[in-house]
Amino acid sequence: MVRMFIGALAVAFISFGASAQEDVDNYKGTGVQPPEEITLQQGPLVGDVRLPAGTKVNTDKTVLTGSGVNSYGRILASTKGSSSKVVRFFLDNMPSVGWNLISELQDEDIMLVYTKPNRVVVIMIERGSRATDIRITMTPRS
């Protein structure tokens with residue numbers, strides 16, 4: 001009786017794990033809430049760009065002028081999240097603060113380009129073994 005219970009419990013656990021993995025595999029940025037396994041929590045707002053929680057901004061090399069929707073400059077940061085989670089974070093969170101994705105390029109590094117009526121932001125995500133480096137450049141739109 002105990003063996004049957006343990007066997008049923010193991011099958012239920014394996015089924016639950018497969019279901020969660022299917023949710024992760026099936027999520028493609030459709031606008032629905034993504035599974036927690038593939039997301040990073042929201043962190044600080046720098047200008048009007050939200051960074052993942054736990055992101056460390058290099059204040060010595062970050063240069064911003066203006067504030068909020070009038071921010072221009074460069075943000076250098078790093079996070080322990082994988083590059084795929086960092087990309088997913090920006091794809092999910094940038095539209096909620098008014099940014100429109102116009103270009104995405106994934107090669108050795110990843111580049112996301114967003115626009116607003118008066119600005120452009122380029123997000124470079126550099127893959128690393130211990131951390132993911134993020135370089136954000138915000139410029140006026142001409």
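Let's start at S71, which sits in the loop between β4 (63–65) and β5 (72–79). You might expect a loop residue to be easy to reach, so is S71 buried or exposed? S71 has a relative accessible area of 1%, and the cut-off for buried is under 20%, so S71 counts as buried. As for what surrounds it, S71 touches G47, T65, G66, R119 and M138, leaving out residues up to four places away in sequence.

Before going further, keep in mind that this is a predicted model. The mean pLDDT of the protein chain is 75, with 68% of the residues at 70 or more. Over residues 4–28, though, the pLDDT is below 50, and this stretch has 12 contacts in the model beyond near neighbours in sequence. Residues 34–39 also stay under 50, and here the model has 13 contacts beyond four places in sequence. Where pLDDT is low, the predicted coordinates should not be read in detail.

Now for the overall layout. The protein chain has 2 helices and 9 strands. Walk along the sequence and you meet them in the pattern α-β-β-β-β-β-α-β-β-β-β. Of the 142 residues in the protein chain, 33% count as buried. The accessible surface of the chain comes to about 9000 Å², and 55% of that belongs to carbon and sulfur atoms. How much of the contact network links distant parts of the sequence? Among contacts between residues at least 6 apart in sequence, 41% join residues at least 24 apart.

Next, look at the strands β7, β8 and β9. β7 and β8 pair in the antiparallel sense, over 8 bridges, and a hairpin of 2 residues joins them. One place to see this pairing is D109, which stands opposite E126 in β8. Then β8 goes on to β9: these two also run antiparallel, joined by 8 bridges, and they form a hairpin with 5 residues between them. Here you can look for I125, which stands opposite I134 in β9.

Which elements feed the largest nonpolar core? Those giving two or more residues to this core are β2 (49–52), α2 (83–93), β7 (109–116), β8 (119–126) and β9 (132–140). The largest nonpolar core has 19 residues, and those with the most contacts inside it are F90, Y114, V121, I123 and I136. α2 gives the most to this core, with 5 residues. In soluble globular proteins, nonpolar side chains tend to be buried together.

I136 is a good residue to click on if you want to see who meets whom. Leaving aside its neighbours within four places in sequence, I136 is in contact with V49, L51, G73, R74, I75, F90, V121, V122 and I123.

That list includes F90, which brings us to helix α2. This helix is mostly covered, with 8 of its 11 residues buried. The buried ones are S83, V86, V87, R88, F89, F90, L91 and N93. F90 has a relative accessible area of 0%, and F89 is buried as well, at 2%. The structure holds 1 aromatic pair. Which way do its two rings face each other? The rings of F89 and F90 have their centres 5.6 Å apart and their planes at 80 degrees, so the pair is edge-to-face.

S83 is in helix α2 too. With a relative accessible area of 13%, S83 is buried. Setting aside residues up to four places away in sequence, S83 touches I110, I125, R127 and T132. I125 is the residue we met opposite I134 in β9.

For a last stop, try another serine, S103, in strand β6 (residues 100–106). S103 counts as partly exposed, at 31% relative accessibility. What does S103 touch, not counting residues up to four places away in sequence? The answer is M111, L112 and V113. You can also check the spacing between S103 and T115: they are 12 residues apart in sequence and 9.7 Å apart in space, C-alpha to C-alpha.

Conventions
Residues numbered from 1 in each chain as written. Heavy atoms only, no water. Core = buried A, V, L, I, M, F, W, Y, C linked by side-chain atoms within 4.5 Å. Buried < 20%, exposed > 50% of the residue type's maximum accessible area, 1.4 Å probe, protein only. Helix = DSSP H or I, 4+ residues; strand = E, 2+ residues; numbered from the N terminus. Contact = heavy atoms within 4.5 Å. Phe/Tyr/Trp six-rings, centres within 6.5 Å; stacked < 30°, edge-to-face > 60°. pLDDT = per-residue confidence, 0-100. Pairing = 2+ DSSP bridges. Areas by Shrake-Rupley, 256 points an atom, 1.4 Å probe, with all protein chains shown as cover.
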